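Reader: I am new to this structure and should like to understand the terms applied to it. Please set each value beside its definition.

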Amino acid sequence: MSMVMHLAEAKPGQLTTSYKHYYIERPCRILVVGQHLKTKTKYQCLLRHISIGGAMVDFNAHILLPAHFFLQIDGFQEEIGCSQVHRHHSELGVRFNMQLAPEFLSRLIRMNFTSGLI
């Protein structure tokens, strides 16, 4: 897995920002939204690493996705708005539409540690 995730070209005059990444293997789902904001399709995937700004997931390379969708991590109710920024074979890099709260990321890391998945 490369570290290409949620990195986008900075606009002129802006600095690029990088965040601390955490390696996590946790099942998750990609939720594609249909008309009237109803969930149209759910796809299973595997979260590989995450930061407050984005994530890298393993996802079926043959399934087409829209540019924007939601990510739901097993064990959490939150549906995280995402934009696709990188895709190479089964590697899918996403940038979160809003930065994750540090508390959410801490809970995810603790949950992953206590479940013995790291």
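Author: The following exchange takes up the core, the cysteines, the strands and the salt bridges in turn.

Reader: How should the numbering and the values be read?

Author: The model is predicted, so local features need pLDDT of at least 70 and side-chain atom pairs count only at pLDDT 80 or more, whereas totals for chains, interfaces and linings use all residues. Residues are numbered from 1 along each chain as its sequence is written, and side-chain values use heavy atoms, with hydrogens and water left out.

Reader: What makes a set of residues a nonpolar core, and which members of the largest one touch the most others?

Author: A nonpolar core consists of buried Ala, Val, Leu, Ile, Met, Phe, Trp, Tyr and Cys residues joined through side-chain atoms within 4.5 Å. The largest one here has 24 residues, and Ile30, Leu47, Ile50, Ile73 and Phe96 touch the most other members. Among the elements that give two or more residues to this core are strand 1 (22-33), strand 2 (39-50) and helix 1 (102-114); helices (H or I, at least four residues) and strands (E, at least two) are DSSP runs, numbered from the N terminus. Strand 1 gives the most, with 4 residues.

Reader: Why is cysteine 28 called buried?

Author: Buried means under 20% relative accessible area, exposed over 50%, and partly exposed in between (1.4 Å probe, protein chains only). Cysteine 28 has 0% relative accessibility and therefore counts as buried. Cysteine 82, also at 0%, is buried by this rule.

Reader: How do you know that cysteine 28 is in no disulfide?

Author: A disulfide is a pair of cysteine sulfur atoms within 2.5 Å. By this rule the count is 0 disulfides. For cysteine 28, the nearest cysteine sulfur belongs to cysteine 45 and is 3.1 Å away, so the pair does not meet the cut-off. For cysteine 82, the nearest is the sulfur of cysteine 28, at 9.0 Å.

Reader: Why is glutamine 84 called partly exposed?

Author: Its relative accessible area is 28%, which places glutamine 84 in the partly exposed class. Glutamine 84 lies in strand 5.

Reader: How do you know that strand 5 and strand 6 pair?

Author: Two strands pair if DSSP finds at least two bridges between them. Strand 5 and strand 6 have 6 bridges and run in the antiparallel sense, so the requirement is met. One opposed pair is histidine 88 and glutamate 91. The two strands form a hairpin with 2 residues between them, and histidine 89 in the turn has a positive phi of about 55°. Strand 6 is also joined to strand 3, antiparallel, by 5 bridges.

Reader: Why is strand 6 described as largely enclosed by the rest of the structure?

Author: The description follows because 5 of its 6 residues are buried.

Reader: What makes glutamate 25 and arginine 48 a salt bridge?

Author: A salt bridge requires a side-chain nitrogen of Lys or Arg within 4 Å of a carboxyl oxygen of Asp or Glu. The N to O distance between arginine 48 and glutamate 25 is 2.6 Å, so the pair qualifies. Glutamate 25 lies in strand 1 and arginine 48 in strand 2, so the pair ties together parts that are 23 residues apart in sequence.

Reader: Which residues are linked with these two in a network?

Author: Arginine 48 also forms a salt bridge with aspartate 58, with the closest N and O atoms 2.7 Å apart. Glu25, Arg48 and Asp58 are thus linked in a network of salt bridges. By the rule above, the count comes to 4 salt bridges.
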